[in-house]
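Me: Hi! I've got a new model open and would love to talk it through with you. Can we start with the contacts?

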Amino acid sequence: MSQDEPVGYHATITVRWSDMDAFAHINHARMVTLLEEARIEWLLSEGEANQSLIKSALIANVNISYKKPLRHADSPLDITLWFERVRSVDFTIGYEVRAAGAPAESAPAVLAKTQMAMVDVGSESLRRITAEEKEYLARWTRHRA
């Protein structure tokens, strides 16, 4: 990846007919699931390297802003993900969602954020992000324009 390329993982996620609401738009709850599918694909893409993020990062907050409706015909969705903010015990994932074939420079149909908190599973308490995790997070960090 060159320095001029924007940081982000691109996931291609298929929209199912059951993801539609009565208005033929992707249902809000299903959009949360589609974002989750993209996030899991990304975290699994490097195998064992992200096991601690996969096993101990829990969702603290989800925010979705719809700019235009997406439909079944817009499948598969192009979802770009990156780490937007990293703090001592949590990080925020940014998302841009576009219809299939939409140019990367086009305005996204959906902007979203998921705040993930790091938890020690045994004690069920927050834990600090390790140096190794911070190194990985730094590779994928950018700030939304």
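Me: Of the contacts with a separation of 6 or more, what share comes from residues 24 or more positions apart?
Reply: Happy to help! Those residues account for 67% of such contacts in the protein. Keep in mind as we go that this is a predicted model.

Me: Noted. How many helices and strands are there?
Reply: The protein has three helices and six strands. Going along the sequence, they come in the order β-α-α-β-β-β-β-β-α.

Me: And how does the radius of gyration sit against the globule rule?
Reply: The radius of gyration is 16 Å, and the rule gives 15 Å for 145 residues. Those values are close, so the protein is as compact as a globular protein of that length. If you prefer a box, the C-alpha trace spans about 45 × 35 × 25 Å along its principal axes.

Me: What percentage of the residues count as buried?
Reply: That would be 41% of the 145 residues. As for the surface, the protein exposes about 8200 Å², with carbon and sulfur atoms supplying 54% of that area.

Me: Switching to charges: how many positive and negative ones, and how far apart are their mean positions?
Reply: There are 17 positive and 20 negative charges, and their mean positions lie 6 Å apart.

Me: Now I'm looking at Thr 80. Which strand is it in?
Reply: Thr 80 is part of strand S3, which covers residues 77-86.

Me: Is Thr 80 buried or exposed, and why?
Reply: Thr 80 is buried, because its relative accessible area is 5% and the cut-off for buried is under 20%.

Me: What does its side chain pair up with?
Reply: The side chain of Thr 80 makes a polar contact with the side chain of His 10, at 2.9 Å. Leaving aside residues up to four places away in sequence, Thr 80 also touches others, including Gly 8, Tyr 9, Tyr 95, Glu 96, Arg 98 and Arg 142.

Me: One more residue: where does Pro 76 sit?
Reply: Pro 76 is in the loop that runs between strand S2 (57-66) and S3. Its relative accessible area is 32%, so Pro 76 counts as partly exposed.

Me: Which residues does Pro 76 touch, beyond those up to four places away in sequence?
Reply: Pro 76 touches Thr 12, Ile 13, Thr 14, Ala 99 and Ala 100.

Me: And how far is Pro 76 from Gly 47?
Reply: Pro 76 and Gly 47 are 24 Å apart in space, C-alpha to C-alpha, with a sequence separation of 29 residues.

Terms used:
Residues are numbered from 1 along each chain as its sequence is written. This is a predicted model: local features need pLDDT of at least 70, side-chain atom pairs count only at pLDDT 80 or more; totals for chains, interfaces and linings use all residues. Side-chain values use heavy atoms; hydrogens and water are left out. Helices (H or I, at least four residues) and strands (E, at least two) are DSSP runs, numbered from the N terminus. The radius of gyration is taken over C-alpha atoms; the globule rule is 2.2 Å times the number of residues to the power 0.38. Buried means under 20% relative accessible area, exposed over 50%, partly exposed in between (1.4 Å probe, protein chains only). Contact means heavy atoms within 4.5 Å. Accessible areas come from the Shrake-Rupley method with a 1.4 Å probe; for residues, only the protein chains shown count as cover. Lys and Arg count as positive and Asp and Glu as negative; His and the chain ends are not counted. The place of a charge is taken as NZ of Lys, CZ of Arg, CG of Asp or CD of Glu. A polar contact is a pair of N or O atoms within 3.5 Å; within protein, one must be able to donate a hydrogen and the other to accept it, and residues adjacent in sequence count only if both atoms are side-chain atoms.
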